[in-house]
Amino acid sequence: MTASLFAPGYQDMPYWWEAAPRPATSDESPPGQADIVIVGSGYTGLSAALVAARAGRDVLVLDAEAAGWGCSSRNGGQVSTSIKPGYADLAKRHGPERAFAIRREGMTALDWIGDFIRTEGIDCDWEVVGRFHAAHNPVQYETLAKDVANQPKGLEIPAHMVPRAEQHSEIGSDYYHGGVVYPRHAALDPAKYHLGLLERARAAGARVIGHCPVTAIERGGGGFTVATPRGSVAARNVAICTNGYTGTVTPWQRRRVIPIGSYIIATEELPTELTSRLSPKNRVMSDTRKLIFYYRLSPDRRRVLFGGRVAYKETDPRVSAPRLHDWMSLIFPELREVRITHSWVGFVAYTFDTLPHLGQQDGLYYAMGYCGSGVSLASYFGWRLGHKIVGSAEGKTALDGLDFQTRPFYTGNPWFLAASIAYYKWRDKRNV
Ligand SMILES: Cc1cc2nc3c(=O)[nH]c(=O)nc-3n(C[C@H](O)[C@H](O)[C@H](O)COP(=O)(O)OP(=O)(O)OC[C@H]3O[C@@H](n4cnc5c(N)ncnc54)[C@H](O)[C@@H]3O)c2cc1C
């Protein structure tokens, strides 16, 4: 790799942390008692905390790192309907009614997060910019066109096709074979959004303590004892909101999520004439590869943020950076000589049925498994989880009671990942 690819002052850190740094470390000890302890302070944990604190519960949120250190301040800030499996696939697995309801949850989540940000007045560069989802080959273009033309009744989302000959109206690239526009998808600054949530959860009375890992959870006395290196907390309820960072403290959940690293780079500042050529409508963008690339401009439209999975095994952001740069330059040749200022990684959580899961297991509440699309889903299902914990009807979801699958011999270390990535890479190359 060439050292000149990295701009002076380059950092292995999310670009977002420049404008929204992670909260400073404190040596605050947790109180001995709380109504609810929430493990994990990302969107899931804080949304649940906000609901519970506003319902009058004494809520404590603990994070092993700084608040929001996980995916919730590292993601691409692309907001969509996010339920991965299509209606036909879900109908085969769960019947038409359930399939319909599950797909609707994704649509509701997208509406919900826009309303939530507006109602709460969270300053996070929220903008309904729409998505351009590009076809990486002609077969995929035809598949997208068929999907748009045959949307199940009642589950239609606004979408229109853009053929290759017209794609320069959407993207300054000849790399793709046209694509589809979803005008309702949105963009935000993920770390500012997280800080807004944090502020509101604290204002509602929740205590959020960072750098305080939960090391054990024991049941007893009609509740739980949650151990940390800074003391134990007795709680009536505990919620596990650790998603791609779920550890050995909760082995049941750990066996059910597959942590996968997603990698992003940010370019140095670029002239706006260039960025508006690359992204004339400032859309969020992604493509039809199994190993998807997702990219967008920064909210000030001065940089390109380009993400994807570019490693068989997890690697260092300095190793992933030049690989992402190569792909970015293939799509946008104009960026070949542009340098990188930030490169980072975060761990998303896949599940064996590619659906999120939430509920209660052995008394512990949990919500996780957003399969790489959790900006709307983590916030929305965290909010639902909060309602479940306080016993309100709004806690009900179409995902309730679904089997949260694992596989024999899987304990949380995805030994099969490199082989799966190699297979998907092969499929993407074969143009299927
Ligand atoms: C690079 C990248 C790009 C992404 N891009 C997008 C995107 O554009 N759009 C989209 O919709 N989604 C995207 N995602 C996914 C999205 O960010 C996540 O799905 C979402 O943020 C999950 O939120 P969460 O609160 O469930 O988990 P997280 O935000 O990951 O929080 C989990 C927290 O649990 C804490 N924790 C773990 N164990 C313990 C313990 N024992 N004690 C205390 N704390 C613990 C961790 O420290 C962590 O802070 C992306 C993710 C990544 C990594």
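## Strands, loops and a ligand shell

Strand β5 (residues 131-134) pairs with β14 in the parallel sense, over four bridges. The model shown here is predicted. One pairing across these two strands is easy to find: R131 has V284, in β14, as its bridge partner.

Now look at β14 itself. Where do its side chains point? In strand β14 (residues 284-287), V284 and S286 point one way. M285 and D287 point the other way. All of them are buried.

β14 also pairs with strand β15 (residues 293-297). Here the sense is antiparallel, and there are two bridges. M285 has Y295, in β15, as its bridge partner. What joins the two strands? A hairpin of five residues leads from β14 to β15. So follow β14 in the viewer and you meet both kinds of pairing: parallel with β5, antiparallel with β15.

A second hairpin is found at β10 and β11. Strand β10 (residues 216-220) and strand β11 (residues 223-228) run antiparallel and are joined by five bridges. I217 has V226, in β11, as its bridge partner. Two residues lie between the strands of this hairpin. In the turn, G221 has a positive phi of about 60°.

### Positive phi outside glycine

G221 is a glycine with a positive phi. Two residues that are not glycine also have positive values. Phi of N243 is near 40°. Phi of T354 is near 55°.

Both sit in loops. N243 lies in the loop between β12 (231-240) and α7 (251-254). T354 lies in the loop between β17 and β18 (357-361). Are they buried or exposed? N243 has a relative accessible area of 14%, under the 20% cut-off, so N243 counts as buried. T354 has 25% relative accessibility, so T354 counts as partly exposed.

### Three buried residues

Q167 sits in the loop between β6 (160-162) and β7 (179-182). Why does this loop residue count as buried? Because its relative accessible area is 1%, Q167 falls under the 20% cut-off. The side chain of Q167 reaches the backbone oxygen of S173 at 3.0 Å. Q167 also touches residues beyond its sequence neighbours, leaving out those up to four places away. Among them are F132, V162, S173, Y175 and H177.

Y141 is in helix α5 (residues 138-149). Y141 is buried too, with a relative accessible area of 15%. With residues up to four places away left out, Y141 touches A135, M161, V162, P163, H177, G178 and G179. V162, H177 and G178 are contacts of Y141, and they are also contacts of Q167.

F6 is in strand β1 (residues 6-11). F6 is buried, with a relative accessible area of 13%.

How does separation along the chain compare with distance in space? Take two pairs. F6 and V319 are 313 residues apart along the chain, yet their C-alpha atoms are separated by 12 Å. Y141 and G70 are 71 residues apart in sequence, with 34 Å from C-alpha to C-alpha.

### Around the ligand

How many residues surround the ligand? There are 36, and the closest are T44, D63, S72, Q78 and V375. By class, this shell has 17 nonpolar, 16 polar and three charged residues.

Which helices and strands supply at least two residues of the shell each? They include the helices α2 (43-54) and α10 (374-390), along with the strands β13 (258-267) and β17 (340-350).

The table lists polar contacts between protein and ligand.

| Residue | Part of the residue | Ligand atom | Distance |
|---|---|---|---|
| D63 | side chain, N or O atom | oxygen | 2.6 Å |
| N75 | side chain, polar atom | oxygen | 3.1 Å |
| Y245 | backbone, polar atom | nitrogen | 3.5 Å |

On its own, the ligand has 1,000 Å² of accessible area, and the protein covers 95% of this.

D63 appears twice in this picture: D63 is one of the closest residues to the ligand, and its side chain makes the 2.6 Å contact with a ligand oxygen. β17 also appears twice: β17 supplies at least two residues of the shell, and the loop that holds T354 runs between β17 and β18.

Terms used
Residues numbered from 1 in each chain as written. Predicted model: local features only at pLDDT ≥ 70, side-chain atom pairs only at ≥ 80, totals over all residues. Heavy atoms only, no water. Near = heavy atom within 4 Å. Polar contact = N/O pair within 3.5 Å; in protein donor to acceptor, adjacent residues only side chain to side chain. Areas by Shrake-Rupley, 256 points an atom, 1.4 Å probe, with all protein chains shown as cover. Nonpolar A, V, L, I, M, F, W, Y, C, P; charged D, E, K, R; others polar. Buried < 20%, exposed > 50% of the residue type's maximum accessible area, 1.4 Å probe, protein only. Contact = heavy atoms within 4.5 Å. Pairing = 2+ DSSP bridges.
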